[in-house]
Amino acid sequence: MFAQRHLSKYYLHRLNKRCFMTDILNKAKSIEEYIINFRRDLHEHPELSGQEFKTQEKIIKELDKLAIPYKKAGNTSIIATLKGGKNGKTIALRADFDALPVKEETDVEFKSKTLGIMHACGHDAHAAMLLGAAKILSEMKNEIPGEVRFFFQEGEETFSGAKKIIEAGGMDGVDACFGMHGMPELETGYVNIEAGYRMAGCDTIYVKFEGVSGHGSVPHKAKDTIHPACIFVTDLQGIVTKNIDAQDPIVLSVGKFVGGTKANIVAKYTEVDISMRYFNLTVREIAHEAIKRHAKAIADAYELKVDVRIEESALSLCNDEQLAVIADKSSTKVLGEGKNINLPRYMGSEDMPYYFQHAKGVYAFMGYRNEEKESIYFPHHEKFKIDEDYLKYGTALHAQFTLDFLNN
């Protein structure tokens, strides 16, 4: 009798836990209007990286209503902390909220009121979804085993915001972190979550050749830099094909080439700015050394000086295998079976990987594509739109993954 009663309690506990864990999408649907309205407010009043002061005020106002403690970080970032009613692990959820210097060309009624600035990357949606998740989880905090931190982050577009939150102690004691980005390759209601490299790292490399100026009629009495710099630019693709394993993708793009002052003056200086994208850190090191080596060899051949300066923009993003499995199961609970779709790796970059240096993490791509609503444009386009139906799914996935990880 005792065993039967004990077994019944066990199954009741499992049933309650199952209901507790699978009702998250309905909770997101119940606050969908709240999430949409908050997102539209942010969209209407966009702010550039590091200048998101009004955005910060609006989020803080909502956190106060939810009685979630917070502290400011960096210029405009926020670290909010929700302590559950039970002891456990700590998870960090992150959303960015900066806009872009883009003039909006959409017909939505809540289009940007700030000329030349637009939420053209969907960060307004990211912030609204995380706030929605905070609202859901705050109402369940007594049942949460552990701690949830919400990072509302400035300056993702300048790859500076994550570092500010980390410097402020945001990742201290964190066991796992989770983030997401809306993408048009996937229709609304679909997601991409995969282990391994998902976004490229990015470096900007500045190469400056220095020679000796002189008259264009007697170039042999000077040391021209334009001709050797042209050879260097052509030579860069030889690094890609001859120094790098063909199975490890890398992109070297020269986006700026400046040399000389006048047609009949031999150019003393020529500057070449290179954008480099990569996944593998070993490949990154090989490419750095090769660029320095080739630049010096060409400079030596033409009796020039050369300076190579490498500026890190962002690291490559690599999803933890164990967390990707948990997130995949979370997405099934929210979206249903068969909604996690494979996608190629993106050569674009994010500053989310800086969090991954301090704790394992996983990053999801949420679909917002809806051709009837013209939600088809890739981020950074002046006609960028999202299907707002996707907001409830992103909100629910934030909350569901949090519960699944903390209860795992």
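# Aromatic pairs, cores and helix 3

Q: Is Tyr368 buried or exposed, and at what relative accessibility?
A: The model is predicted, so local features need pLDDT of at least 70 and side-chain atom pairs pLDDT 80 or more, whereas totals for chains, interfaces and linings use all residues. Residues are numbered from 1 along each chain as its sequence is written, and side-chain values use heavy atoms, without hydrogens and water. Buried means under 20% relative accessible area, exposed over 50% and partly exposed in between, with a 1.4 Å probe and protein chains only. Tyr368 therefore counts as buried, at a relative accessibility of 1%.

Q: How many helices and how many strands does the protein contain?
A: Both element types are DSSP runs numbered from the N terminus: helices are H or I with at least four residues, strands E with at least two. The protein has 408 residues, of which 52% count as buried. Its secondary structure consists of 11 helices and 15 strands.

Q: What share of the contacts between residues at least 6 apart in sequence joins residues at least 24 apart?
A: A contact means heavy atoms within 4.5 Å. Among contacts between residues at least 6 apart in sequence, the share joining residues at least 24 apart is 80%.

Q: Which helix gives the most residues to the largest nonpolar core?
A: A nonpolar core is a set of buried Ala, Val, Leu, Ile, Met, Phe, Trp, Tyr and Cys residues joined through side-chain atoms within 4.5 Å. The largest such core has 66 residues, and Leu137, Val148, Phe150, Phe152 and Phe401 touch the most other members. With 10 residues, the greatest contribution to this core comes from residues 390-406, that is, helix 11.

Q: Which residues does Val148 touch, leaving aside those up to four places away in sequence?
A: Val148 is one of the residues that touch the most other members of the largest core. Outside its sequence neighbours up to four places away, Val148 touches Ala80, Thr81, Leu82, Ile91, Leu93, Leu137, Thr402 and Leu406.

Q: How far apart in sequence are Phe178 and Phe401?
A: Ring centres of Phe, Tyr and Trp (six-membered ring) within 6.5 Å make a pair: stacked under 30 degrees between planes, edge-to-face over 60, tilted otherwise. The structure holds 10 aromatic pairs, and that of Phe178 and Phe401 is stacked, at 4.8 Å centre to centre and 25° between the planes. This pair links strand 5 (residues 176-187), which holds Phe178, to helix 11, which holds Phe401, over a separation of 223 residues.

Q: What are the relative accessibilities of Phe178 and Phe401?
A: Phe178 is buried, with a relative accessible area of 0%. Phe401 likewise counts as buried, its relative accessibility being 0%.

Q: Which type of pair do the rings of Tyr368 and Phe384 form?
A: The ring centres are 5.5 Å apart and the planes lie at 75°, so the pair of Tyr368 and Phe384 is edge-to-face. Tyr368 lies in strand 15 (residues 360-369) and Phe384 in the loop between strand 15 and helix 11, so the pair ties together parts 16 residues apart in sequence. Phe384 is buried at 2% relative accessibility. The pair type is edge-to-face.

Q: What is the distance between the end C-alpha atoms of helix 3?
A: The expected span of a helix is 1.5 Å times one less than its number of residues. Helix 3 (residues 32-44) has 13 residues, so its expected span is 18 Å. The distance between its end C-alpha atoms agrees, at 18 Å.
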